[in-house]
Amino acid sequence: MRVAVVGATGMVGEVMLKVLAERNFPVTELIPVASERSVGKTLTYKGKDYTVVGLETAVSMKPDIALFSAGGDTSLEWAPKFAEVGTTVVDNSSAWRMDPTKKLVVPEINAHELTKEDKIIANPNCSTIQLVMALNPLHKKYKMKRVVVSTYQSVSGTGVKAVRQLENEIAGIEGEMAYPYPIGRNALPHCDVFQDNGYTKEEMKLAREPQKIMNDRSFSISATAVRIPTAGGHSESVNVEFENDFDLAEVRQLLSDTPGVVVQDNTATNTYPMPIFAHDKDEVFVGRIRRDETQPNSLNMWIVADNLRKGAATNTIQIAEYLIENKLV
Ligand SMILES: NC(=O)c1ccc[n+]([C@@H]2O[C@H](COP(=O)([O-])OP(=O)(O)OC[C@H]3O[C@@H](n4cnc5c(N)ncnc54)[C@H](OP(=O)(O)O)[C@@H]3O)[C@@H](O)[C@H]2O)c1
């Protein structure tokens, strides 16, 4: 496979190269792509040096697959140009996610929807991926009515500039700000831009994307997204109301039996998911599983995953692997 990584110099792009190498993805030719600022820079992949090229050059090389993580505007403009030359694009930005003509895929849930005709495939938002990985098996069994989720999102979810802001604040250096306020020793109830309805774009992604991925509009999700000064993963406090009652031991078993999900749940030993343990891992970790005692058929849980891995790079590469395994590319 001739594989272009668009946004190869960014936070997600860097992890993308790492995950491609780790999983021994069948790369015959790697094409690292970034903005004009980075053209000519050298990146190392599997011990070999590669020169970063611009988008125009990359399209002319007609790669088999292009893994995009270079922002929505780049995707909107360039994904169709790659698709036109026969490249299959898997895109990490929000550009195509809610486009009814594009599939929004978490491989464990809906990769079976993919066909050869899908030339631009959307990777869901990082917070959405870890949420649906835990919700999907429970929804199948108990049928969800309503979900209330509050996120505690790491600065790596915003990109290089935000990680630098936190590092500068810790070091006491004045530098460029990615957020409107300091993030160290703070919590910003503001992820992505505010919309007319008072929610942020991130909160609306959490409300809408799960319905599309799970192909079910019978449940609703209300979200509050908060940025906190962690670097290695997103956490989510999740309250779910089901149609049907559940047994807590069965809930733990269902989640444990779900590929890609790990249950870490033992209050006696202070065992629960945390970003420091999820960092650099591909799994979604679930714990603090308990009954909501204030209303019937309701559950509380805590979900943590590395936003740069399962939330972005790993999920994207799993989609690409599925395409190859099923001869769709
Ligand atoms: N961070 C996460 O957890 C996460 C999770 C899921 C999805 N995403 C999405 O992935 C994308 C990248 O996020 P990130 O966190 O990796 O951001 P980032 O660290 O800021 O990196 C952005 C990358 O895009 C490239 N780029 C920017 N403008 C470009 C242009 N006009 N043409 C070509 N390349 C351009 C940059 O190249 P230069 O180095 O040359 O500037 C860099 O490689 C975003 O759409 C984001 O929403 C991020």
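Q: Which strands does helix α7 lie across, and what makes this a contact?

A: In this predicted model, helix α7 (residues 201-213) lies across β8 (144-153), β9 and β10, where contact means heavy atoms within 4.5 Å. The helix runs at about 145° to β9, an angle between N-to-C directions on a scale from 0 to 180 degrees, with axes fitted to C-alpha atoms, for helices over the stretch in contact. Local features need pLDDT of at least 70 and side-chain atom pairs count only at pLDDT 80 or more, while totals for chains, interfaces and linings use all residues. Residues are numbered from 1 along each chain as its sequence is written, and side-chain values use heavy atoms, with hydrogens and water left out.

Q: Why are β9 and β11 called edge strands?

A: The open sheet has 6 strands in the order β9-β8-β10-β13-β12-β11, with mixed pairing. Two strands pair if DSSP finds at least two bridges between them; β9 (220-227) and β11 (261-263) each pair on one side only, so they are the edge strands.

Q: What makes β10 and β13 a pair?

A: Strand β10 (residues 234-242) is joined to strand β13 (residues 298-305) by 8 bridges, and the definition asks for at least two, so they pair. They run antiparallel, and V238 stands opposite M301 in β13.

Q: Why does the approach of R37 to the ligand count as a polar contact?

A: A polar side-chain atom of R37 lies 2.8 Å from an oxygen atom of the ligand, and a polar contact is a pair of N or O atoms within 3.5 Å, so the pair qualifies.

Note on methods: A polar contact is a pair of N or O atoms within 3.5 Å; within protein, one must be able to donate a hydrogen and the other to accept it, and residues adjacent in sequence count only if both atoms are side-chain atoms. Helices (H or I, at least four residues) and strands (E, at least two) are DSSP runs, numbered from the N terminus.
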